[in-house]
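Open the model in your viewer and keep the selection tool at hand. Please follow the stops in order.

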Amino acid sequence: MNGLHLWLIPILPLAGFLLNGLLGHRLPKALVSTNALLFTAAPFLLVLHVYTSFSALSLPYIERHSAWIATSAFHADFAFALDQLTLVMLLIVTGVGFLIHVYSVGYMAHEEGYWRFFAYLNLFMFFMLTLVLAENFLLMFVGWEGVGLASYLLIGFYFKKHSAVRAGIKAFVVNRIGDFGFLLAMFLLIIHFGTLSFSEVTSQIAQHPDWHGGVLTAIALLLVLGATGKSAQIPLYIWLPDAMEGPTPVSALIHAATMVTAGVYMVVRTHALFDRAPLALTVVAVIGAATAFFAATVGIVQTDIKRVLAYSTISQLGYMFLACGAAAYSAAIFHLLTHAFFKALLFLAAGSVIHAVGGEQDMRLMGGLRRYIPVTFWTMTMAVFAISGFPPFAGFFSKDEILAEVFRSPNGGPLLWTVGVVTAAITSFYMFRLWYLTFFGRLRLPSEAAAPHGAPPAALDDQLVATAHSIDGHPAQAHGIHESPWSMLLPLVLLAFLSFTGGWIGIPHALGGSDRFAHFLDPVTHGTGVPASFEQVSIAMRTGAPIPTTEPPTKPEDPQTERVLTGCSVLAALLGWLLADTLYRRKPQLPARMAASSRMLYGLVLNKYWIDEVYAFLVVKPILVISRYILWGGFDRGVVGGGNRVLAGAAQGAGSVLRRIQSGNIRSYAGWLAIGAAAILLLSFFGFGTHIHMGVR
Amino acid sequence: MAFGMYLVIFFIFGALCIAGALNLLLQRHPINSALSLIVVMTSLAVLYLLLGAEFLAAAQIIVYSGAVMVLFTFVIMLLNAGEEERTRGSRAAYLVGFPGVAALLGILTYIFLSVRAPLGNAQLGGGTLVTTSDLSRVLFRDLLLPFEVTSVLILVAILGAVALARKDS
Amino acid sequence: MFVPIAYYLVLSAILFTIGVAAFLIKRNIITVFMSIELMLNAVNLTFVAFAHQWHQVSGQIFVFFVMVVAAAEAAVGLAIIIAIFRARSTLNVDQVNLMKL
């Protein structure tokens with residue numbers, strides 16, 4: 001096998017972007033979608049090929065193309081690296097990406113700018129694949145920034161909508177703050193390690209068992225800043241709820257399955273650094289747990305279906321961060337995998353729901369839809385069960401593994417575990433709330449949305465309004481609601497299947513499985529040459545002993561404890577379901593009464609704890625003031641503009657003075673000639689320019 | 001003495017040159033200036049002879065006084081140039097030009113007189129006379145190309161003069 | 001006695017400066033042109049003087065070429081003057097100032 005040609009994997013979507021971007025507006029829609037699908041399916045097939053030839057490779061497999069920066073002190077290449085972690089990410093990105101492309105063909109069929117959408121999606125795929133395949137921090141940063149750009153372009157896709165444009169800008173700017181941390185981390189890495197290559201950094205850390213804390217903590221914390229920006233954790237999560245302004249496939253692909261997981265991927269990729277910086281790991285764990293809990297609480301009162309899913313994403317990402325913070329890296333990636341399946345499914349199904357009810361996103365105006373859109377209903381049900389963590393669905397195994405690892409880890413312990421379990425209960429609650437509000441009960445749509453497409457029934461208005469709120473899903477009035485086309489349903493079904501079976505590759509020992517997924521990732525998380533694990537480091541640091549350079553023997557597992565913990569998490573999920581069932585199916589008037597009785601608390605949570613407003617006041621407003629009055633008014637207009645005016649005035653003045661030489665008067669020209677000649681002669685007499693020998697040769 | 005004669009001739013004809021030049025400056029009617037210039041040219045021809053350039057002396061009289069100045073005279077008569085009016089002169093010329101000119105003269109004179117001894121004397125006799133054959137030997141052998149180019153130049157000048165001075169009919 | 005070369009040079013300098021002065025003072029175009037010829041002649045004298053001093057023919061060759069070029073230039077220049085006279089009916093230098101900025 002002569003080369004895997006890894007470079008093709010990112011380049012093909014780039015080609016699709018160029019094709020659709022440059023020529024798309026002139027091509028028919030069928031051709032545009034064929035292009036996009038082709039250039040997304042091809043990388044997926046390539047990744048499958050890589051997967052099949054995986055065992056024959058020597059890992060890590062590095063494909064160097066050319067030098068990018070080549071100085072004597074430091075060099076960085078255009079190089080792609082492949083190992084188990086990369087393979088998992090590649091499968092997720094290309095696989096789920098392809099399914100979402102298929103879905104978008106149906107979903108975006110009536111949108112203007114169809115070609116633009118697919119061009120941007122392909123561009124996103126290119127950058128994301130670059131990020132995942134990168135062999136060094138610098139190339140990863142290219143992908144990192146690029147996905148931020150693609151996210152901005154896609155969030156602001158409906159650029160005529162003011163709120164969408166502002167959401168796009170908000171996403172980009174907040175991401176930028178995180179990227180600043182990433183950049184600083186890269187600079188520190190260059191200074192202290194002299195290299196930005198992942199493998200070289202890891203091997204250098206492995207060779208120096210005495211390195212811990214200090215600079216490594218600084219680098220790790222800066223990387224965490226970058227990760228919180230990209231993966232929407234506290235304090236930089238604020239862009240993700242607003243990013244729902246983008247089309248639903250965008251929310252599914254970028255803000256659920258792939259881009260937001262880049263932060264988690266980055267932490268796992270550089271886990272060698274984090275293992276030596278216990279403080280940073282603690283910070284990660286705390287941020288993860290806090291974000292998970294906090295976002296879940298906000299999610300329970302949101303009324304927009306996509307907002308609920310957005311906060312759910314933030315919460316689940318918090319779980320992944322929590323897992324990283326507990327040094328359970330393979331658990332984090334496992335959850336990333338299952339989350340990609342069920343979260344993408346949730347978003348796509350939500351898109352199907354929205355499509356069915358003609359654009360309405362408020363859950364209070366839905367209800368009883370399970371009779372009209374059965375396929376959507378069943379697939380979404382699978383996703384809801386998966387995210388709530390019911391066995392044997394995918395989310396159960398990954399979430400359970402995270403909680404078990406957190407309980408065991410020296411960085412986690414019972415406290416964080418409790419937070420995780422409570423959050424799991426809340427997650428289950430709000431997901432089932434969404435389920436009940438959307439699919440059960442009576443249809444609460446106003447008349448226009450219930451009417452058939454494109455035919456406003458003016459005469460039927462009053463009749464429909466009268467009957468809209470009374471009867472449970474009367475067929476006669478709701479014939480506008482229809483199931484989505486097969487191009488949208490097929491990905492839903494596939495993702496539902498994956499949400500059901502996806503967790504089975506990671507069944508832990510305690511429950512009779514072989515934990516295949518964690519073992520698959522072992523070479524990355526605990527391989528030879530990979531330095532001592534986090535547990536060893538923290539133990540060594542605490543006891544003052546030298547940090548060992550070898551791996552410990554396999555940790556003795558305690559299957560009994562693990563089964564108890566598993567039972568607790570399933571119990572929490574059931575509790576959430578029960579609560580949702582009570583409040584939203586059996587006693588639907590209860591939530592309103594509860595909200596009314598605790599008005600302040602309800603208002604606080606409904607308005608996302610006013611965080612956006614606090615940020616606006618503390619950060620945005622001062623920056624705007626400084627920019628407008630100091631930087632623009634003072635510096636730009638005063639110094640630069642003033643300097644301009646001075647220079648221009650000087651030039652003008654000099655010009656108007658010198659203009660008088662050109663008088664048109666021949667005699668004055670003659671005068672200037674004469675004095676010029678005299679001056680030259682004088683200068684050469686004093687030796688400038690020529691040498692006059694006063695003697696005879 | 002024969003040698004002293006050279007000095008006398010030099011001073012006479014040098015004075016004639018300067019007188020003619022000053023006359024050119026001071027006369028108001030251009031035809032007077034033209035005639036003064038002819039005097040200057042002719043005196044210069046004598047000075048060339050004193051310096052041993054016999055061909056150049058002849059050429060000076062034939063070409064300069066005999067052709068160029070005649071051309072000037074023709075044009076003056078053609079255009080019926082009258083006496084100069086006393087229009088307002090250019091201030092720049094007076095303010096800037098005269099000091100410049102005076103400075104120029106001062107510097108040059110100073111330089112030349114300060115190297116009077118190293119420069120030596122103009123001695124006629126011996127091999128110092130440059131005959132026409134010497135001149136033509138250099139001109140037609142080493143400098144043949146510039147010579148031919150000059151003839152092209154003259155051709156161009158003829159064409160230009162004819163084209164410029166033609167009446168647009 | 002012999003004439004020092006320096007005297008020739010001084011004479012030439014005087015002629016040259018008179019030429020420059022005439023160039024600056026005179027108002028008739030033709031007279032200005034004649035002063036240019038005077039300057040050229042002054043320089044010719046310098047060349048011949050140095051040719052004599054260095055015993056080189058090249059100085060005189062240079063004078064030869066200067067004469068030729070001056071003659072050509074005189075012809076063309078006078079043609080231009082005629083053209084200007086036809087256009088503006090004046091030979092006053094101060095009134096030929098269309099190129100004023």
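The tour below goes through the contacts between chains and then through parts of chain A. Keep in mind throughout that this is a predicted model.

**Stop 1: chains B and C**

Select the residues where chain B meets chain C. The contact takes 72 residues from chain B and 60 from chain C. On the chain B side, at least two residues each come from α1 (2–26), α2, α3 (54–79), α4 (91–114), α5 (116–119), β1 (121–122), α6 (132–142) and α7 (144–165). Which of these gives the largest share? Color α1(B): 12 residues of the side of chain B that touches chain C come from this helix. Now color that side by class. You should find 54 nonpolar, 14 polar and four charged residues.

**Stop 2: a helix pair across the contact**

Next, select helix α2 of chain B, residues 30–50, and helix α2 of chain C, residues 29–54. Their axes lie 10 Å apart and make an angle of about 5 degrees. Angles under 35 degrees count as roughly parallel, so α2(B) and α2(C) are roughly parallel to each other. Show side chains where the two helices touch. On α2(B), pick Pro30(B), Ser33(B), Ala34(B), Leu37(B), Val40(B), Met41(B), Leu44(B), Leu47(B) and Tyr48(B). On α2(C), pick Ile30(C), Thr31(C), Met34(C), Glu37(C), Leu38(C), Asn41(C), Leu45(C) and Val48(C). By class, this helix contact holds 13 nonpolar, three polar and one charged residues.

**Stop 3: strands from two chains**

Stay with chains B and C. Select β1(B) and strand β1 of chain C, residues 3–4. The two strands pair in the antiparallel sense, over two bridges. Zoom in on Ala122(B), which stands opposite Val3(C).

**Stop 4: chains A and C**

Switch to the contact of chain A with chain C. Here 10 residues of chain A are in contact with 11 residues of chain C. The chain A side divides into three nonpolar, five polar and two charged residues.

**Stop 5: a hairpin in chain A**

Select strands β1(A), residues 61–70, and β2(A). They run antiparallel, joined by eight bridges. Four residues lie between the strands of this hairpin. Label Ala70(A) and His75(A), which stand opposite each other. Is β2(A), residues 75–82, mostly covered or hardly covered? Mostly covered: six of its eight residues are buried.

**Stop 6: a bent helix**

Finish on helix α28 of chain A, residues 611–658. Where does the helix bend? Center on Phe617(A), where the bend is about 35 degrees. Then look at the surroundings of α28(A). This helix is hardly covered, with zero buried residues among its 48.

Terms used: Residues numbered from 1 in each chain as written. Chains lettered and ligands numbered in written order. Predicted model: local features only at pLDDT ≥ 70, side-chain atom pairs only at ≥ 80, totals over all residues. Contact = placed C-beta atoms within 7 Å. Nonpolar A, V, L, I, M, F, W, Y, C, P; charged D, E, K, R; others polar. Bend = angle between axes of the 7 residues up to and from the residue. Buried ≥ 20, exposed ≤ 12 C-beta atoms within 10 Å, placed from the backbone. Axes fitted to C-alpha atoms, helices over the stretch in contact; angles between N-to-C directions. Parallel < 35°, antiparallel > 145°, perpendicular 65-115°, else oblique. Pairing = 2+ DSSP bridges.
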